Amino acid sequence: MSEIITRIRNAGVEEIMDVLKDQQARQADVIVPASLMRYERGNLVISKDQRTQVLTDSGVLDVAGSYRPTAVGDESMATRLEAQYGFVKAMRGRGRYDVLDHVFNDLLHGGGENLAERLAWEMEHVSDPSTGTPAFPEFPPFAKNVMLRLLKGDEGEEGVLRAALSDRYRIMDNLTVLLAVMEGIQHAGVDARPSDFDLSDKKLYGRFEVPGLAMMAPKLLEGYRSPFDGIGREKRAGEDRPGYRLRSEGGGWSPQAALRAAAAEGQGYEPGKEPVVWAGFVVSNSDVGFGSRCLQPQIRIRVCRNGLTLLAESDRKVHLGGTQEEGVIDWSTETQEKELALITAQTRDLVATWMTPEWFGAQVAEIEKLAGVPVPEPEPVIKAVAQTVKFSKSEADGILKHFLRAGQYTSGGVANAVTSYSQTVEDADTAAGLDAKAISAMKAAAKAAA
């Protein structure tokens, strides 16, 4: 029995490729009516039917079976059936699978006394001839088709329900997007290297860096000490898992080796005071209905891999298409190749635009204007920033801790504290949301401290 991985944090490119390739090998997408779905002990069970089978090169693929929902699987199914996800989440957390079964089955198959009768009614479409309306049940079944994104388990094992989506959803798989982005980078002629990757139940996040496009940013980094160095250092999320290693950056140099080399040439800075940033960008994609594919440029900080995301320049594509027929979805090679070509071309154009000294230099200059505002009283400033940018109390506390540890009492230090704290957060979606707010936090800090 092999574990089906749906989440990983701060992974290297080899790790994320292995996970995505395994998901692709297990992947099965099917559009089915409510009559083929039921819940048993909290799992979605798909009944065998001609609509659950498809002929492939290796034989007949049948998706009938039992599937354990991820959090997104539960949330998206609740959304499709107009149930309260908060209640579903609470029952799942308490292990009340009997309640989950009852709620989901009644919403799928309609109200009534007996599930077998409900299913029989639904399959035979029994009607009351005197009124022309269904005689059973009192509450009708769910009338729309649902696209199920599934990962097949090993022989005899349960699979995973990743999402329950509209039958109009146009699939853009994470592996497809990532490969197309990498090809686009090659076509752009930019030396962009994979850095770290996150995979949540909702999204894939892939970060790339361009160490050859580096610039001085003294105000952004003045007095900064990495919270991930020294005694009592902070730990990155995912650091404790087997096989994790801190990947080197900037052309294969570790930060320590780069500092030693610079010092030997008489060009070194004291540890934590290196005013160097370099260019990068992040691609994100949700193939389960939680947001669009998006590319965003970043400013990467050499010492501790922080990334300030430049949201104003992002590219975004929505995953919607035409209504699709019932049955297992078997995407043609031609369809996949067209999708790959489009994403590759878009990536090539965006990367070629962003990764130039002129464009990147202008972004760094704008940030430098706001980064040097002194923050002599951290607690009230961080509190004001949290209210403005909408950080939770626990997030604000974590950001304050990183701000104090880094010792950089400026508005730029607030931005750096946001992006270093985010690296310690286990939930990849929360971490990405924090990174996206870093520049807004710096602007809010500059205003609050002025």
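This is a short chat about some charged residues and one helix pair in the structure above.

Me: Before we start, what kind of model is this?
Reply: It's a predicted model: local features need pLDDT of at least 70, side-chain atom pairs count only at pLDDT 80 or more, and totals for chains, interfaces and linings use all residues. Residues are numbered from 1 along each chain as its sequence is written, and side-chain values use heavy atoms, with hydrogens and water left out.

Me: Ok, how many salt bridges does the structure hold?
Reply: There are 22. A salt bridge here is a side-chain nitrogen of Lys or Arg within 4 Å of a carboxyl oxygen of Asp or Glu.

Me: Which residue does Asp-198 pair with?
Reply: Arg-9, with 2.9 Å from N to O. Asp-198 sits in strand S10 (residues 193-199) and Arg-9 in strand S1 (residues 8-11), so the pair ties together parts that are 189 residues apart in sequence. Strands (E, at least two residues) and helices (H or I, at least four) are DSSP runs, numbered from the N terminus.

Me: Is Asp-198 buried or exposed?
Reply: Buried, with a relative accessible area of 0%. Arg-9 counts as buried too, at 7%. Buried means under 20% relative accessible area, exposed over 50%, and partly exposed in between (1.4 Å probe, protein chains only).

Me: And where's Lys-393?
Reply: In helix H12 (residues 393-406), four residues from Asp-397, so the two are separated by about one helical turn. They form a salt bridge, with the closest N and O atoms 3.0 Å apart. Lys-393 is exposed at 64% relative accessibility, while Asp-397 is partly exposed at 42%.

Me: Which residues do salt bridges with shared partners join into one network?
Reply: Arg-9, Asp-196, Asp-198, Arg-207 and Arg-300.

Me: Switching to Asp-429. What's the nearest side chain of opposite charge?
Reply: Lys-202, 5.2 Å away; Asp-429 is buried yet has no salt bridge. For charge, Lys and Arg count as positive and Asp and Glu as negative, while His and the chain ends are not counted.

Me: So what does its side chain make polar contacts with?
Reply: The side chain of Asp-429 makes one with the side chain of Ser-200 at 2.9 Å and another with the side chain of Tyr-205 at 2.7 Å. A polar contact is a pair of N or O atoms within 3.5 Å; within protein, one must be able to donate a hydrogen and the other to accept it, and residues adjacent in sequence count only if both atoms are side-chain atoms.

Me: What about Asp-287, where does it lie?
Reply: In the loop between strand S12 (276-285) and S13. Asp-287 is buried, with a relative accessible area of 2%, and its side chain reaches the backbone nitrogen of Asn-174 at 3.3 Å.

Me: Last topic: at what angle do H3 and H4 pack?
Reply: About 150°, with the axes of helix H3 (residues 85-93) and helix H4 (residues 97-109) 8 Å apart. Those axes are lines fitted to C-alpha atoms, for helices over the stretch in contact, and angles run from 0 to 180 degrees between N-to-C directions.

Me: Who makes the contact?
Reply: Phe-87, Val-88, Met-91 and Arg-92 of H3 and Tyr-97, Val-99, Leu-100, Val-103 and Phe-104 of H4. Contact means heavy atoms within 4.5 Å. These residues divide into eight nonpolar, no polar and one charged. In that count, Ala, Val, Leu, Ile, Met, Phe, Trp, Tyr, Cys and Pro are nonpolar, Asp, Glu, Lys and Arg are charged, and the others, Gly among them, are polar.
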